[in-house]
Amino acid sequence: MDQALSLWFLLGWIGGDSYNLIGSFLADQLPLQSYTAVYYVMADLVMLTLYFYYKFRKRPSPLSAPINSMLLFLMGTACATPLLSAAGPVAAPREGFRGRALLSVEPGSKPFTRQEIIGFVIGSVSSVLYLLSRLPQIRTNFLRKSTQGISYSLFALVMLGNTLYGLSVLLKNPEEGQSEGSYLLHHLPWLVGSLGVLLLDTIISIQFLVYRRSAAASELEPLLLPS
C-alpha cells in the first residue's frame, strides 16, 4: 500500500476534505454536504493511519509518534467543527457583507455574508486541493507502470459518488427569492470539487485498464514461446 499509493495523494485528499468540512459549515451549504464532509475526513484518517502503519511496521521511525499525534489532532478538529458551529448563538437574520463587492450578485439574489465569503474561499481551496491531489497518484502509476496495490473500487465509487453528489446540488431548487445564478455561485466551489475531478479520475481509470492489460500480456508471454 505504501508503494502503490502516493502520500501526496492522500495528504491532498485529506486536506481537501478538511477544507471542505470547514467551508461547508461556514458557507451554510446543504445538510447532505456537511454530513458527507464529516464522513470523508473520518475515512481519510483511516486511510492515512493504514498507510503509515504498513510503512513503519517493519521500519520503525522516530516520526511515527508526531504523525499519530497530528492525525489525532485532525480527527478532533473534524469532530469539534460541527459541534462548535451548532453551539453558536441562535441564527438571526444576517446582513449582507457591506465591504468590497468581492462576490456581488445581481439585485434580488441572496447576498454573501462575511462568514459565507470566508467559507466560499475555504471551499475554493478545497476544490483546488481535490484537483491537485490526483496528479501525484497519476504520476506514481505512470512511473511504476502498474496499478497493483490500488483498489479500483475506490476510484469507481469516488467517481459515482462525486457524480451523484454534484447532481444532487444541481437538481435542488434555489431558496425562495434566490435566482439560479446566485444559487450556483454559492455552491460553485463544491461543484468544481466534485464534478471537476471526474476527468482526472477517468485518467486513473484508463491507467488501470492499460497497465493491467500489459501485466496480463507479460504473464502470458512465456506460454507463447516455443519449447
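This briefing walks through the main features of the structure above, from its overall build to a few individual residues. The model is predicted. Its protein chain has 7 helices and 0 strands. Of its 227 residues, 38% count as buried. A good place to start exploring is the pair Arg134 and Asp201, whose side chains meet in a salt bridge.

**The overall build**

- Starting at the N terminus, the elements of the protein chain follow the order α-α-α-α-α-α-α.
- If you look at contacts between residues at least 6 apart in sequence, 80% of them join residues at least 24 apart.
- The protein chain has an accessible surface of about 13,500 Å², and 68% of this belongs to carbon and sulfur atoms.

**The salt bridge**

- Side chains of opposite charge can pair when their charged atoms come close.
- How many salt bridges does the structure hold? The count is 1.
- That salt bridge joins the side chains of Arg134 and Asp201, with 2.8 Å from N to O.
- Arg134 belongs to helix 4 and Asp201 to helix 7, so the pair ties together parts that lie 67 residues apart in sequence.
- Are Arg134 and Asp201 buried or exposed? Arg134 is buried, and Asp201 is buried too.
- For Asp201 the relative accessible area is 0%, and buried means under 20%, so Asp201 falls in the buried class.
- On the helix 7 side, you can find Asp201 within residues 198–224.
- Which residues does Asp201 contact, apart from its neighbours within four places in sequence? They are Arg134, Phe155, Val158, Met159 and Asn162.
- Arg134 also has an aromatic partner: it lies over the face of Trp13, at 5.1 Å from the ring centre.

**The aromatic rings**

- A pair of aromatic rings is described by the distance of the centres and the angle of the planes.
- The model has 8 aromatic pairs.
- One of them is formed by Phe155 and Phe208, a tilted pair with 6.2 Å from centre to centre and 55 degrees between the planes.
- This pair links distant parts of the chain, as Phe155 sits in helix 5 and Phe208 in helix 7, 53 residues apart.
- Phe155 has 0% relative accessibility, which means that it counts as buried.
- Phe208 counts as buried as well, because its relative accessibility is 3%.
- Which residues share one aromatic cluster with Phe155 and Phe208? The other members are Phe9, Trp13 and Tyr152.
- Two members of this cluster have already come up with the salt bridge: Trp13 has Arg134 over its face, and Phe155 is in contact with Asp201.

**A nonpolar patch on the surface**

- Leu157, Leu160, Leu164, Leu167, Leu170, Leu171, Leu184 and Leu195 form a nonpolar patch on the surface, and together they have about 740 Å² of accessible area.
- Two elements each give two or more residues to this patch: helix 5 (152–171) and helix 6 (180–195).
- Which element gives the most to the nonpolar patch? It is helix 5, with 6 residues.
- Leu160, one of the patch residues, is found in helix 5.
- With a relative accessibility of 47%, Leu160 counts as partly exposed, because that class lies between under 20% (buried) and over 50% (exposed).

**Lys145, a residue in a loop**

- Where is Lys145 found? Look in the loop between helix 4 (114–144) and helix 5.
- Lys145 has a positive phi of about 55 degrees, although it is not a glycine.
- Lys145 lies over the face of Phe142, at 3.6 Å from the ring centre.
- The relative accessibility of Lys145 is 46%, so this residue counts as partly exposed.

**Gly193, a residue in a helix**

- Gly193 is found in helix 6.
- Its relative accessible area is 8%, so Gly193 is buried.
- Which residues does Gly193 touch, not counting those up to four places away in sequence? The answer is Ser127 and Tyr130.
- Gly193 and Asp17 are 176 residues apart in sequence, yet their C-alpha atoms are 9.8 Å apart in space.

Notes:
Residues are numbered from 1 along each chain as its sequence is written. This is a predicted model: local features need pLDDT of at least 70, side-chain atom pairs count only at pLDDT 80 or more; totals for chains, interfaces and linings use all residues. Side-chain values use heavy atoms; hydrogens and water are left out. Patches are made of residues with over 30% relative accessible area and no salt bridge: like charges are joined within 9 Å, nonpolar side chains (Val, Leu, Ile, Met, Phe, Trp, Tyr) within 5 Å. Accessible areas come from the Shrake-Rupley method with a 1.4 Å probe; for residues, only the protein chains shown count as cover. A salt bridge is a side-chain nitrogen of Lys or Arg within 4 Å of a carboxyl oxygen of Asp or Glu. Helices (H or I, at least four residues) and strands (E, at least two) are DSSP runs, numbered from the N terminus. Buried means under 20% relative accessible area, exposed over 50%, partly exposed in between (1.4 Å probe, protein chains only). Contact means heavy atoms within 4.5 Å. Rings of Phe, Tyr and Trp (its six-membered ring) pair if their centres lie within 6.5 Å; planes under 30 degrees apart count as stacked, over 60 as edge-to-face and the rest as tilted. A charge sits over a ring if NZ of Lys or CZ of Arg is within 6 Å of the ring centre and within 35 degrees of the ring normal.
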